[in-house]
Amino acid sequence: MIKCSECGYENIDGLDYCDGCGAKLAAAAPAAGGGAPAGNGAPAGTEGGPAPEAAQPPAQSEAAPAPGAAEAAATPPPSEVPTGEIKAPPSAPAEAPAAGAAAAAKAKLQVIRGGRKGQEFPLEDGNNLVGRWDPETGAFPEVDLDQDDPEAKISRKHALIRFEGGKITVEDIGSLNGTYVNRQPRLMPGNPVELKSGDEIIIGKTFLKLIVEPVS
């Protein structure tokens, strides 16, 4: 048996480390003089005395970490290793066009009766004044029917056509002889009525047709 010099645990012969505390065991040195047991009380290192004990390494309370363990713990997994590449944030999904959005279109009024038949007046975005040229102020309405109204049945500021967001309305603005749509009763001043392509507008004795065409 080999007795541990650190903890006193008796280990079987042939072990290098103590089963009790893990300290390195000192191998029993053969006695001098043919293996005769050393005499009690003899000075160490003399003939017949016990062999000096080999220097023992300090006991370790915890097993030393395996080589490379610290480096492995400090190394991030491959998915986390910085590559220096700047990742762009995920792009937001493209917004779909608003449902029911009006397609781009152009509109015009065409004289079909009571004036220069076939004469056309393109409508601008926003407000379009319908009437006759005013010599006193020099103002020209967007839809100037002066040449189509020899009897002056159309007021200088007769009606207002508004073209916004694909929606078209007509409104009488206090004319003398009134404004009519599709030969229905006279429009009440200040009350706009929505129009659609093909509608007929009567102003004085002039008949106009609304034509709306998509922009190609």
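Colleague: In this predicted model, which residue is the bridge partner of Leu 109 in β12?

Modeller: Leu 109 has Leu 210 as its bridge partner in β12, and the two strands concerned, β3 (residues 105-113) and β12 (residues 206-214), run antiparallel.

Colleague: What makes β3 and β12 a pair of strands?

Modeller: Pairing requires at least two bridges between the strands, and β3 and β12 are joined by eight bridges, so by that cut-off they count as paired.

Colleague: Where do β3 and β12 lie in their sheet?

Modeller: They belong to an open sheet of five strands, ordered β4-β3-β12-β11-β9 with antiparallel pairing; β4 (120-122) and β9 (179-181) each have a single partner strand, so they stand at the edges, with one side of each left without a neighbour in the sheet. From one strand to the next, the twist averages 25 degrees.

Colleague: Why is the pairing in the open sheet β6-β5-β7-β8-β10 called mixed?

Modeller: In that sheet of five strands, β5 and β6 (residues 143-144) pair in the parallel sense, whereas β5 (residues 126-131) and β7 (residues 157-164) run antiparallel, joined by six bridges. Gly 131 shows both sides of this arrangement, standing opposite Asp 144 in β6 and having Lys 157 as its bridge partner in β7.

Colleague: How do you know that β5 and β6 count as paired?

Modeller: The cut-off is at least two bridges, and β5 and β6 have two bridges, so they meet it.

Colleague: Why do β6 and β10 stand at the edges?

Modeller: Each has a single partner strand, so one side of each is left without a neighbour in the sheet. For β10 (193-195), three bridges in the antiparallel sense link it with β8 (residues 167-172), and Thr 169 has Glu 194 as its bridge partner in β10.

Methods. Residues are numbered from 1 along each chain as its sequence is written. This is a predicted model: local features need pLDDT of at least 70, side-chain atom pairs count only at pLDDT 80 or more; totals for chains, interfaces and linings use all residues. Side-chain values use heavy atoms; hydrogens and water are left out. Helices (H or I, at least four residues) and strands (E, at least two) are DSSP runs, numbered from the N terminus. Axes are lines fitted to C-alpha atoms, for helices over the stretch in contact, and angles run from 0 to 180 degrees between N-to-C directions.
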